[in-house]
Amino acid sequence: MAKHGKRYNSAVKLVDTRKQYRLNEAVELLKKLPKSKFDETLELDFNLGVDPKQSDQMVRGTVALPHGSGKKVRVAVFAKGEAAQAAKDAGADFVGYEDLVKKCQEGWTDFDVAVATTEAMQEVRKLGKVLGPRGLMPNPKTGTVTDDTAKAVKEVKAGRVEFKMDKAGNLHIAFGKVSFETKAIEENAKSIIGAVLHAKPASSKGHFI
């Protein structure tokens, strides 16, 4: 039988496993749990009633968290000319074109979100095997393939997060830190729940979440 530490055992005593907690009750409970030595990340997990094998039932999208995620997001932008300069001015961490593509081809992926102009995607598509498995490939549906690089960088930095269903039909979305105010945690969570409901495929039948 697995042995657990004092913090885990203290936390378990506060949770009623037979109860379905409302969002506000769950957040209040989070605040009462024993604290860790670091600012823990909060995550919402969804089990979706879709068939992940069907391409028309893929669930993905973006959501702007009103209070940010609490995470410093590193943004890489594939662009040149005015779009590259605009990305730099907006606070992008890495900006480049052929040089950045080459760096990624060599295995470098030390960033959290990639943005690319429509022109740059001609080269960025070559990085499918590198960026794809890590969920870093720019996509028009998530607003990361755009010629308005400044807007994309600012939105990502401000707290816009992407979500994409895994192969088992689940979503895992980080939405803040334990240190956030109770109201901020609730509002971030509600924003994500609303975005996921909005992303329901038209071909999905029955219970979605």
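This report walks through the fold, the strands, the nonpolar cores and an aromatic cluster of one predicted chain.

## The overall picture

Let's start with the basics. The model is a prediction, and its chain of 209 residues has 40% of them counted as buried. The secondary structure adds up to 8 helices and 7 strands. Measured out along the principal axes, the C-alpha trace spans about 60 × 40 × 35 Å.

On the outside, the chain exposes about 12800 Å², and carbon and sulfur atoms supply 50% of that area. As for contacts with a separation of 6 or more, 68% are between residues 24 or more positions apart.

## Strands E1 and E7

E1 and E7 run antiparallel, with 7 bridges joining them. To find one spot where they meet, look at Leu 44, whose bridge partner in E7 is Ile 173.

E7 has 8 residues and 6 of them are buried, so this strand is largely enclosed by the rest of the structure.

## The largest nonpolar core

As background, nonpolar side chains in soluble globular proteins tend to be buried together. Here, the largest nonpolar core has 25 residues, and the ones with the most contacts inside it are Leu 48, Phe 163, Leu 171, Ile 192 and Val 196. Four elements give two or more residues each to this core: strand E1 (41–47), strand E6 (160–164), strand E7 (170–177) and helix H8 (182–198). H8 puts in the largest share, with 6 residues.

Leu 171 is a handy residue to click on. Setting aside neighbours within four places in sequence, its contacts are Leu 44, Asp 45, Phe 46, Leu 48, Val 59, Phe 163, Lys 164, Met 165 and Val 196.

## A second core, and strands E3 and E5

There is also a second, separate core, this one of 18 residues, including Tyr 97, Cys 104, Ala 116 and Leu 131.

Ala 116 also turns up in strand E5. Val 113 and Val 115 point one way from E5, Ala 114 and Ala 116 point the other way, and all of them are buried. E5 runs parallel to strand E3 (residues 75–78), and 4 bridges join the two. Across from Ala 116 in E5 stands Phe 78.

## The aromatic cluster around Trp 108

The model has 2 aromatic pairs. One of them is Phe 94 with Trp 108, an edge-to-face pair at 4.9 Å centre to centre, with 80 degrees between the planes. This pair links distant parts of the chain: Phe 94 is in strand E4 (residues 94–96), while Trp 108 is 14 residues away in the loop between helix H4 (98–105) and strand E5 (113–116). Are these two rings buried or exposed? Phe 94 counts as partly exposed because its relative accessibility is 26%, whereas Trp 108, at 17%, counts as buried.

Trp 108 also pairs with Phe 111, this time in a tilted arrangement, 5.2 Å centre to centre and 50 degrees between the planes. Like Trp 108, Phe 111 is buried. The ring pairs link Phe 94, Trp 108 and Phe 111 into a cluster. There's a charge here too: the charged end of Lys 103 sits over the Trp 108 ring, 4.3 Å from its centre.

Note on methods. Residues are numbered from 1 along each chain as its sequence is written. This is a predicted model: local features need pLDDT of at least 70, side-chain atom pairs count only at pLDDT 80 or more; totals for chains, interfaces and linings use all residues. Side-chain values use heavy atoms; hydrogens and water are left out. Rings of Phe, Tyr and Trp (its six-membered ring) pair if their centres lie within 6.5 Å; planes under 30 degrees apart count as stacked, over 60 as edge-to-face and the rest as tilted. Buried means under 20% relative accessible area, exposed over 50%, partly exposed in between (1.4 Å probe, protein chains only). A charge sits over a ring if NZ of Lys or CZ of Arg is within 6 Å of the ring centre and within 35 degrees of the ring normal. A nonpolar core is a set of buried Ala, Val, Leu, Ile, Met, Phe, Trp, Tyr and Cys residues joined through side-chain atoms within 4.5 Å. Contact means heavy atoms within 4.5 Å. Accessible areas come from the Shrake-Rupley method with a 1.4 Å probe; for residues, only the protein chains shown count as cover. Two strands pair if DSSP finds at least two bridges between them.
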